[in-house]
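Visitor: Could you take me slowly through one part of this model, strand by strand if that helps? I'd like a close look rather than a quick tour, with a little context around it.

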Amino acid sequence: LTAAMETRGGEHVAQRVIRAKGLVWLATRRSHWQMGMASLAGSSFSIHFGGLWDAALASGIGPLKEDAPYGDRRTELVVIGQDMDHAAVTKALEACIVNDDELAHYDTTTNEELSAYLESLPRDELKDPNRSAEEISVLMKRYNAEVVAPKKKGTQVVTSKPKSIMDLSAHSCIAEFEALSGVSGARVAHFKIHQYMRYAHLFPALASGFVKKFEVSLDVADKQTSLLASKTTDTSLSKYILSDLCTGDKVELEWRQIRVETDSASDDERYVIIEQVITLCKLDAKQEAALLEKWPEPQIMIRKP
């Protein structure tokens, strides 16, 4: 936008603009996740990033449509001025739209690096003419065991000490306790995410992305915590949920999504994905306000390949 306005024609257009504001979608990693909010007042122009696009939420609005492959990502600007040349303003703004090559680069950056980084590795290895058929077979076997199999199984639980663990994503949110479901032996606590404070996208091939809901299986949560946590509080997770939380309570909720290696001899069963609660703390109105002031918009960390 700045480059467009610095041209001779663009400068003339800019002089007639008094105010501009609205939603912007930039061809960057951060804007792929968060809405950009643009503001122009006189000669002062800024963009800050706020809420998440629905398309960035893992359980958001469902599969993206073929005629809307980018979901709800979009640019919506309101431009206010005096004696403006509308055609010239439109031309200056259209000069900011990415071309086909730039869009292809954006797709490569966001889709391959963020969503399918690890998935591209075996294909790259297969292209190496120096690799033997045996080496390729070993690579594909490992890939299927470490990525394909745990992805197909979805979120599981562990009941024995894992051989190794790998963090896939980390979540820090303000959530609302919705309800308990199930009967003794199969009780599940349901939480609705209200506001992400921090999110770390650590292993793109398996990371969940943003979610709108989170569930805790009470009857296995305590045992899983004892297997994974180096230090716990005196009150168990299940006891805290059952005795201290009521429907509608706001909580500070942090959890990690983890891939664990078990001692199973089967390649298909060796690796599983689990979710481990790190923090669960009821919030009063003052505490919630303090967190929202500290984290007015989510901080996102994306590990570069």
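Guide: Let's agree on one word before we start: two residues are in contact when heavy atoms of theirs come within 4.5 Å of each other. Keep in mind, too, that this is a predicted model. Now the context. Take the contacts in the chain with a separation of 6 or more: 67% of them are between residues 24 or more positions apart. The chain has 305 residues, and 36% of them count as buried. Its secondary structure comes to 11 helices and 10 strands. About 17800 Å² of the chain is exposed, with carbon and sulfur atoms supplying 51% of that area.

The part I'd pick for your close look is the open sheet built from 4 strands. Reading across, the order is β3-β2-β1-β4, and the pairing is antiparallel. The edges belong to β3 (residues 44–52) and β4 (residues 76–81); each has a single partner strand, so one side of each goes without a neighbour in the sheet. From one strand to the next, the twist averages 10 degrees. As for what holds such an arrangement together, strands of a sheet pair through backbone hydrogen bonds, in either a parallel or an antiparallel way.

Let's start at the β3 edge. There, β2 (residues 34–41) pairs with β3 over 7 bridges, antiparallel. If you want a spot to check the register, A38 stands opposite I47 in β3. These two strands make a hairpin with 2 residues between them, and G42 in the turn has a positive phi of about 65 degrees.

Now hop over to the β4 edge. Strand β1 (residues 17–24) and β4 pair over 6 bridges, again in the antiparallel sense. Here K21 is the residue to look for, as it stands opposite V78 in β4.

Carry on past β4 and you reach D83, in the loop between β4 and α4. D83 has a positive phi of about 55 degrees, although it isn't a glycine. Its relative accessibility is 63%, and since the cut-off for exposed is over 50%, D83 counts as exposed.

For a contrast, look at S31, which lies in helix α3 (residues 29–33). Buried means under 20% relative accessible area, so S31, at 0%, counts as buried. Leaving aside neighbours within four places in sequence, S31 is in contact with V24, W25, L26, F49 and W53. Two of those names tie straight back to the sheet: V24 falls within the residue range of β1, and F49 within that of β3.

W25 and L26 turn up again at the largest pocket. That pocket has a volume of about 610 Å³. Its lining is made up of 18 residues, and W25, L26, T75, C96 and I97 lie nearest its centre. The edge strand β3 takes part here as well: β3, α4 (residues 86–94) and α5 (residues 100–115) each supply at least two residues of the lining. The largest share, 3 residues, comes from α4.

Before you go, here's another set of paired strands to hold up against our sheet. Strand β5 (residues 164–181) runs antiparallel to β6 (residues 188–201), and 12 bridges join them. F177 has F191 in β6 as its bridge partner. This hairpin has 6 residues between the strands, with G182 taking a positive phi near 85 degrees. β6 is mostly covered, with 10 of its 14 residues buried. β6 also runs antiparallel to β7 (residues 213–217), joined by 5 bridges, and A189 has V216 in β7 as its bridge partner. With strand β10 (residues 299–302), though, β6 runs parallel over 4 bridges, and there A200 is partnered by M301.

One last stop is V211, in the loop between β6 and β7. V211 counts as buried, at 13% relative accessibility. V211 and H171 are 40 residues apart in sequence, and their C-alpha atoms are 9.2 Å apart in space.

Conventions
Residues numbered from 1 in each chain as written. Predicted model: local features only at pLDDT ≥ 70, side-chain atom pairs only at ≥ 80, totals over all residues. Heavy atoms only, no water. Buried < 20%, exposed > 50% of the residue type's maximum accessible area, 1.4 Å probe, protein only. Areas by Shrake-Rupley, 256 points an atom, 1.4 Å probe, with all protein chains shown as cover. Pairing = 2+ DSSP bridges. Axes fitted to C-alpha atoms, helices over the stretch in contact; angles between N-to-C directions. 1 Å grid on protein atoms, 1.4 Å probe; cavity = no way out; pocket = protein on both sides within 12 Å on 5 of 7 lines; lining within 4 Å. Points joined across faces, edges and corners; volume = space filled by probe spheres on them.
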